[in-house]
Amino acid sequence: MSKEIAKGLLKIQAVFLRPNEPFTWASGIKSPIYCDNRLVLTDPEVRNTVENEMARVVKEKYPECEKLMGTSTAGIAHAAIAAHILDMPMGYVRGSAKTHGRNNRIEGKLEKGDKVVVIEDLISTGGSSIEVVEALREAGADVLGVISIFTYNTKKADEKFAEANVEKYSLCSVETMIDTAVEEGYIQADEGEGIISWLREI
């Protein structure tokens, strides 16, 4: 299924591979690969594959999960669709608290002790995902893990998740993505090897 998701993301151009013309991530890092999973929502076939796999993983890996919490903003729709498939409550965590109304950062009903899984669109260096986990823990939630559609598998992310003592799981890894991109003719094998080598240094 990981390879099918990789094929789907490449087909809808949610993943861009530019070894010679790098993109700039939100963290400022220059990268030869960029993933925009918002585009998953625009293609019904790929969307169905991704969301059904997301729901399956939640059910299989975290059967005790009571609620899905999406990351703002890219994870919200994926959390909502997966929660619908699972007939489960959902909410989301803002990047920062509102400055009006009830000044919420967490939207949706969340009780202390709720067992939740965070739904993320992708994991790069892991910073934003861990901020969400910490906000939920501060509110009293029991965070079982973080599930993303895609991961760059960086050392920084591994370190941050280990430090926060939270599991992470991705439907598709950068290794599978590169292997698939080479097989499908999107890039040459040496370009793929270069991208993986570069990611190992982050």
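Here are some questions and answers about this predicted model.

User: Which helix gives the most to the negative surface patch?
Analyst: The negative patch on this surface is formed by E131, E134, E138, E159 and E163. Two helices each supply at least two of its residues, α4 (127-138) and α5 (155-164). With three residues, the one that gives the most is α4.

User: Is E134 buried, partly exposed or exposed?
Analyst: E134 sits in helix α4 and is one of the residues forming the negative patch. Buried would call for under 20% relative accessible area, and exposed for over 50%. E134 comes out at 40%, so this residue is partly exposed.

User: Which elements do the buried residues of α1 pack against?
Analyst: Helix α1 covers residues 2-11, and its buried residues are I5, A6, G8, L9 and L10. After α1 comes Q13, with a positive phi near 60°. As for the packing, the buried residues of α1 go up against β1 (15-17), α2 (44-61), β9 (142-151), β10 (168-173) and α6 (174-183).

User: How far apart are the closest N and O atoms of R94 and E107?
Analyst: R94 and E107 pair up in a salt bridge. The two are 13 residues apart and link distant parts of the chain, with R94 in the loop between β6 (90-93) and β7 (106-107), and E107 in strand β7. R94 is partly exposed at 25% relative accessibility, while E107 is buried at 13%. Their closest N and O atoms are 2.8 Å apart.

User: Which residue forms a salt bridge with E111, and is that partner buried or exposed?
Analyst: E111 itself is partly exposed, at 41% relative accessibility. Its salt-bridge partner is K109, and the closest N and O atoms are 3.8 Å apart. The cut-off for exposed is over 50%, and K109 has 65% relative accessibility, so the partner K109 counts as exposed.

User: Why does the salt bridge of E175 and R200 tie together separate parts of the sequence, and how many residues apart are they?
Analyst: E175 and R200 form a salt bridge, with the closest N and O atoms 2.4 Å apart. E175 lies in helix α6 and R200 in helix α7 (residues 189-200), so the pair ties together parts of the chain that are 25 residues apart.

User: Are E175 and R200 buried, partly exposed or exposed?
Analyst: E175 has 23% relative accessibility, and R200 has 34%. Buried means under 20% and exposed over 50%. Both values fall in between, so E175 and R200 count as partly exposed.

User: Which residues do shared salt-bridge partners join into one network?
Analyst: By the rule used here, the count comes to twelve salt bridges. Some of these share partners, and they join into one network the residues E53, R56 and E60.

User: Is K67 buried or exposed?
Analyst: K67 lies in strand β5 (residues 67-71). Leaving aside neighbours within four places in sequence, K67 is in contact with a list of residues including M88, P89, M90, K109, L110 and E111. D114, K115, V116 and V117 are also among its contacts. With 9% relative accessibility against a cut-off of under 20%, K67 counts as buried.

User: What separation do the C-alpha atoms of K67 and K155 have?
Analyst: K67 belongs to strand β5, and residues 155-164 make up α5. Along the chain, K67 and K155 are 88 residues apart. Their C-alpha atoms are separated by 29 Å.

Conventions: Residues are numbered from 1 along each chain as its sequence is written. This is a predicted model: local features need pLDDT of at least 70, side-chain atom pairs count only at pLDDT 80 or more; totals for chains, interfaces and linings use all residues. Side-chain values use heavy atoms; hydrogens and water are left out. Patches are made of residues with over 30% relative accessible area and no salt bridge: like charges are joined within 9 Å, nonpolar side chains (Val, Leu, Ile, Met, Phe, Trp, Tyr) within 5 Å. Accessible areas come from the Shrake-Rupley method with a 1.4 Å probe; for residues, only the protein chains shown count as cover. A salt bridge is a side-chain nitrogen of Lys or Arg within 4 Å of a carboxyl oxygen of Asp or Glu. Lys and Arg count as positive and Asp and Glu as negative; His and the chain ends are not counted. The place of a charge is taken as NZ of Lys, CZ of Arg, CG of Asp or CD of Glu. Helices (H or I, at least four residues) and strands (E, at least two) are DSSP runs, numbered from the N terminus. Buried means under 20% relative accessible area, exposed over 50%, partly exposed in between (1.4 Å probe, protein chains only). Contact means heavy atoms within 4.5 Å.
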